[in-house]
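Here are a few exercises to work through with the model open in your viewer. Try each task before you read its solution.

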Amino acid sequence: MTKDPGYIVGIDIGTSKVATVIGKVKEDGNIEVMGVGKKSDLRGMRRGIVASLDEVVEAVKASVEEAELMAGYTVERAYVGVGGAHVRGFNSRGVVAVTNRERKVTQEDIQRVLEGARTISFPQEQQIFHTFPQEFMVDNQEGIIQPLNMTGTRLEANVHIVTGSITSLHNLGTVVNRCGITVSQPVLGLMADAHAVLSADEKEIGVALINIGHGTTGIAVFEKGSLWHTHVIPIGGEHFTNDLAVGLRTGTQEAEILKKKYGCALTNLLVEEEMVEVPTAAGNKTRMVERARIAEILQPRAEELFHLLNEEVRNAGLDKTINAGIVLTGGNANLAGLPE
């Protein structure tokens with residue numbers, strides 16, 4: 001297999017599955033997808049945190065091997081997606097004096113102001129793994145995207161800082177290393193989603209990206225082309241599934257199938273009386289249940305989730321900035337009724 005340095009690899013270890021993508025960087029800078037691998041039914045993760053190291057290692061190996069076989073490429077380094085309830089986002093500001101004789105902002109000044117913004121107080125068990133510049137100010141002139149070579153005596157920067165649990169980040173690294181792969185960099189999953197599905201115009205006028213995963217739901221708010229808020233709520237698709245399992249007195253695997261096939265988060269969308277066959281928890285009998293009953297179970301959980309998301313955006317003072325609306329992503333975003 002080839003080891004061409006022009007390849008780039010991403011590994012996303014979610015709560016319910018692992019996905020690996022191998023791409024080749026073309027001359028125009030675009031990336032051509034060469035191989036994809038996926039391992040579903042992952043049971044070694046809990047809400048973005050490694051709960052069983054061996055199980056996750058085996059799932060990552062299976063995912064990587066499938067992608068390698070398709071691409072004809074051996075993976076040695078990879079970017080690794082990070083998500084889960086341990087992720088935190090903070091806004092901060094840095095200020096430095098421009099010290100060179102010409103009073104021109106240098107790359108060193110930019111690095112110093114970003115480092116200054118990173119000196120904030122956060123829990124000891126957390127570590128910074130991303131610093132996203134929002135805007136720069138030179139001598140109180142706001143809204144500057146790139147201050148390099150501008151003239152002034154004072155440089156300021158507003159940044160969004162993302163931290164994660166030291167233990168969780170270390171365990172993710174250990175999983176990937178045990179597969180014989182070096183971690184190029186941990187990457188915030190929400191930011192990767194944003195690069196994939198949001199347009200520059202949406203980010204500029206204000207948009208909220210919501211990723212509804214299996215164990216958690218993350219939200220990222222963009223405005224003026226930059227990331228201004230991130231938050232993860234410990235509610236995801238598995239909670240909808242568990243609600244169905246309890247409400248219908250069936251197994252979780254059967255409830256997951258029912259959710260995907262007949263699930264709806266809004267009872268008003270079901271106009272016809274439709275009956276659904278539901279296996280019992282023991283699995284040896286079935287009974288007929290109205291499809292509307294499934295929606296009655298799922299709707300309260302959906303209302304709770306979006307109420308919490310709405311509250312989070314309001315508390316951040318960003319509810320008036322989401323002019324481009326909301327973009328739903330994630331494995332559980334396809335549940336009928338969620339957009340409504």
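**Exercise 1. The end of a helix**

Task: Find the residue just after helix 1 and work out which sign its phi takes.

Solution: Glycine 72 comes just after helix 1, and its phi is positive, at about 65 degrees. Keep in mind throughout that this is a predicted model.

**Exercise 2. Helix 1 and its buried face**

Task: Compare the span of helix 1 with the expected one, then find how its buried residues are arranged around the axis.

Solution:
- Step 1. Helix 1 has 19 residues, and from first to last C-alpha it reaches 27 Å, close to the 27 Å expected at 1.5 Å a residue.
- Step 2. Pick out the residues under 20% relative accessible area. In helix 1 they include Val56, Val60, Ser63, Val64, Ala67 and Ala71.
- Step 3. Recall that an α-helix has 3.6 residues a turn, so residues three or four places apart point the same way.
- Step 4. Look down the axis: the buried residues of helix 1 fall within an arc of 165 degrees, so they line one face of the helix.
- Step 5. Ask what covers them. The cover includes strand 1, strand 2, strand 3, strand 4, strand 5 (49–50) and helix 3 (166–177).

**Exercise 3. The open sheet**

Task: Trace the five-strand open sheet and give its strand order, then locate the helices that pack against its strands.

Solution:
- Step 1. The order is 3-2-1-6-11, with mixed pairing.
- Step 2. Strand 3 (31–39) and strand 11 (182–188) are the edges, as each pairs on one side only.
- Step 3. From one strand to the next, the twist averages 25 degrees.
- Step 4. Helix 1 (residues 53–71) packs on the sheet and touches strand 1 (7–13), strand 2 (18–25) and strand 3. The direction of helix 1 makes about 140 degrees with that of strand 3.
- Step 5. Move to strand 6 (residues 77–82), which pairs with strand 11 in the parallel sense over six bridges. Here alanine 78 stands opposite valine 183 of strand 11.
- Step 6. Helix 4 (residues 189–197) lies across strand 6 and strand 11, at about 75 degrees to strand 11.

**Exercise 4. Two aspartates in loops**

Task: For aspartate 41 and aspartate 139, decide whether each is buried, partly exposed or exposed.

Solution:
- Step 1. Aspartate 41 is in the loop between strand 3 and strand 4 (45–46). Its phi is positive, about 60 degrees, although aspartate 41 is not a glycine.
- Step 2. The relative accessible area of aspartate 41 is 64%, so this residue is exposed.
- Step 3. Aspartate 139 sits in the loop between strand 8 (126–138) and strand 9 (141–144). Its phi is also positive, about 50 degrees.
- Step 4. With a relative accessible area of 37%, aspartate 139 is partly exposed.

**Exercise 5. A leucine in helix 8**

Task: Is leucine 309 buried or exposed, and which residues does it touch beyond four places in sequence?

Solution:
- Step 1. Leucine 309 belongs to helix 8 (residues 291–315).
- Step 2. Its relative accessibility is 2%, so leucine 309 counts as buried.
- Step 3. Leaving out residues up to four places away, leucine 309 touches Ile210, Thr217, Ile219 and Ile233.

**Exercise 6. The whole chain**

Task: How many helices and strands are in the chain, and what share of its residues is buried?

Solution:
- Step 1. The chain has eight helices and 17 strands.
- Step 2. Of its 340 residues, 44% are buried.
- Step 3. The C-alpha trace spans about 85 × 50 × 40 Å along its principal axes.

Key: Residues are numbered from 1 along each chain as its sequence is written. This is a predicted model: local features need pLDDT of at least 70, side-chain atom pairs count only at pLDDT 80 or more; totals for chains, interfaces and linings use all residues. Side-chain values use heavy atoms; hydrogens and water are left out. Helices (H or I, at least four residues) and strands (E, at least two) are DSSP runs, numbered from the N terminus. Buried means under 20% relative accessible area, exposed over 50%, partly exposed in between (1.4 Å probe, protein chains only). Contact means heavy atoms within 4.5 Å. Two strands pair if DSSP finds at least two bridges between them. Axes are lines fitted to C-alpha atoms, for helices over the stretch in contact, and angles run from 0 to 180 degrees between N-to-C directions. The expected span of a helix is 1.5 Å times one less than its number of residues. The arc is that of the directions from the helix axis to the C-beta atoms.
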